[in-house]
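This briefing goes through one structure by topic. It starts from a single residue and then turns to sheets, ligand shell and overall dimensions.

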Amino acid sequence: DPGDAEKGGYDHFMMKEMMEQPKAMNDAITGRCSGNSVLFSGLHLDSEMMKHINRIQIVACGTAYHAGMVGKYYFEKFARVSVEIEAASEYRYKNPIVDKNTLLIVISQSGETADTLAAIRLAKDKGAWVLAVTNVVGSSIAREAQDVIYTNAGPEIAVASTKAYVTQVGCMLLLASYLGQLNGKLGENDAARLCHGLSITSGLIETVLDNQDKIKKFADANHEIYDLFYLGRGLDYCTCLEGSLKLKEISYIHSEAYAAGELKHGPIALIDEGTIVVAVCTQEHVFEKMLSNIKEVKARGAYVLAIVQQAHEEIASEVDEVWTIPNMDDDITPIPTVVYLQLLAYYLAVARDCDVDKPKNLAKSVTVE
Ligand code: G6P
């Protein structure tokens, strides 16, 4: 295959790009975090403009939309501005409430997604300030937005987005801190804590990348499943949505991601003997709640794979399998945790002989509706 040389010795671009995530994260953060403060050189958005912003809207598609969900959580927590998030294909057809006091944040790896571009044009017409977070320098979205933050992930070839996603999440946290600095809502302790957290994410990703044997083993043993559930709360719920999308995209296994508290409102009816449930439990403030959700699905026969911070390894007595991430700040966990779910989707797809880099029916970038 003429493309083999570009895969850097890996079987697929997706693997190469997952392995590039530590470097991509560093490139996303370098120069933007110094000591206790975040700095985006070249942004027009300043504290004067922030005074007039009373609404943030986030618009994106696919994986970028999931990064936006993490962003909503960060913006509300650290800049205390209310945030709405919508898929670009919904936003553009509903006469959204948007005016000159609106900050529209669009996220797009390629910078060419037709629906996202249309959302920018609509919001700009109504007076919004548009800030794009994108990976491709000079892309249509980069050109049409008034402010641009580049994710610096480097070229992404595999259809399933991996390194672009982690850098989008990193940029969301940087941007939330920045907006919190501009409007004075971010405390000094939080600023220092987040800068430190971001500075170590690349090493945290590496610890997950070093754990592939057990992921592959799990995938090889379970590749005939037809169904998988992801459960999480808060930031973990966003990670679950992204993990579930990854799995659908490349392995064609049906999966659902649920906010764990919603379980009892329907989806628990689908849990049977042997149903695999991936329970993402990295958030301390809802850890006990997750534990009771785990007990509920275990009682119905589920096979539970839990992902926890090391400090909660004792969960092993409650579940069938545990994958750990190092102990860390709860706000940083989406970055290393999603890498487990990317690798899980990858190894399941490989075990099922799927075309990992070019899944059926999917395109890297959807430039027409
Ligand atoms: C396509 C790709 C996805 C991507 C989405 C949004 O569906 O297959 O991986 O997340 O488009 O793309 P964008 O370039 O706007 O991030």
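Leu263 counts as partly exposed, because 19 C-beta neighbours lie inside 10 Å, and a residue needs 20 or more to be buried. The model is a predicted one. Leu263 sits in the loop between β9 and β10.

**Leu263 and its contacts**

- Not counting residues up to four places away in sequence, Leu263 touches Leu231, Tyr258, Ile268, Asn293 and Glu296.
- Asn293 is 30 residues from Leu263 in sequence, and the C-alpha atoms of the two are 7.8 Å apart in space.
- Of the elements that hold these partners, β8 covers residues 227-232, β9 covers 254-259, and helix α13 covers 287-299.

**The sheet with β8 to β12**

- Five strands make up an open sheet with parallel pairing, in the order β9-β8-β10-β11-β12.
- β9 (254-259) and β12 (321-325) are the edges; each has a single partner strand, so one side of each is left without a neighbour in the sheet.
- From one strand to the next, the twist averages 20°.
- β8 and β10 run parallel and are joined by four bridges; in this pair Tyr230 stands opposite Val278 of β10.
- Six bridges link β10 and β11 in the parallel sense, and Val277 is opposite Val304 in β11.
- Strand β11 (residues 303-309) is joined to β12 by five bridges, again with the two running parallel; Ile307 has Trp323 in β12 as its bridge partner.

**Burial of β10**

- How many residues of β10 are buried? Six of its six residues are, and the strand is mostly covered.
- Ile276, Val278 and Val280 point one way from β10, while Val277, Ala279 and Cys281 point the other way; all are buried.

**Helices across this sheet**

- Helix α13 (residues 287-299) lies across β8, β10 (276-281) and β11, and runs at about 170° to β10.
- Helix α14 (residues 334-351) lies across β10, β11 and β12, with an angle of about 140° to β12.
- β10 and β11 are thus crossed by α13 and also by α14.

**The sheet with β3 to β7**

- Another set of five strands forms an open sheet in the order β4-β3-β5-β6-β7, with parallel pairing.
- Its edge strands, β4 (83-87) and β7 (147-150), each pair on one side only.
- Neighbouring strands here are turned by 20° against each other on average, direction ignored.
- Four bridges pair strand β6 (residues 129-134) with β7 in the parallel sense.
- Asp147 in β7 is the bridge partner of Leu131.

**Ligand shell**

- Which residues are closest to the ligand? Gly62, Thr63, Ser108, Ser110 and Thr113 are, in a surrounding set of 15 residues.
- Helix α4 (residues 62-78) gives the most to this shell, with three residues.
- By class, the shell residues divide into nine polar, five nonpolar and one charged.

**Tyr10**

- Tyr10 lies in the segment before α1 (13-19).
- Is Tyr10 buried or partly exposed? Tyr10 is partly exposed, because it has 14 other C-beta atoms within 10 Å, where 12 or fewer would make a residue exposed and 20 or more would make it buried.
- Apart from its neighbours within four places in sequence, Tyr10 is in contact with Met15, Lys16 and Met19.
- Arg352 is 342 residues from Tyr10 along the chain, and the C-alpha atoms of the two are separated by 18 Å.

**Whole chain**

- The protein chain contains 14 helices and 12 strands.
- For 369 residues a compact globule would have a radius of gyration near 21 Å, and the 20 Å of the protein chain agrees with that.
- The C-alpha trace spans about 55 × 50 × 40 Å along its principal axes.
- Of the 369 residues, 53% count as buried.
- Among contacts with a separation of 6 or more, 76% come from residues 24 or more positions apart.

Methods. Residues numbered from 1 in each chain as written. Predicted model: local features only at pLDDT ≥ 70, side-chain atom pairs only at ≥ 80, totals over all residues. Rg over C-alpha atoms; globule rule 2.2 N^0.38 Å. Contact = placed C-beta atoms within 7 Å. Near = placed C-beta within 6 Å. Nonpolar A, V, L, I, M, F, W, Y, C, P; charged D, E, K, R; others polar. Pairing = 2+ DSSP bridges. Axes fitted to C-alpha atoms, helices over the stretch in contact; angles between N-to-C directions.
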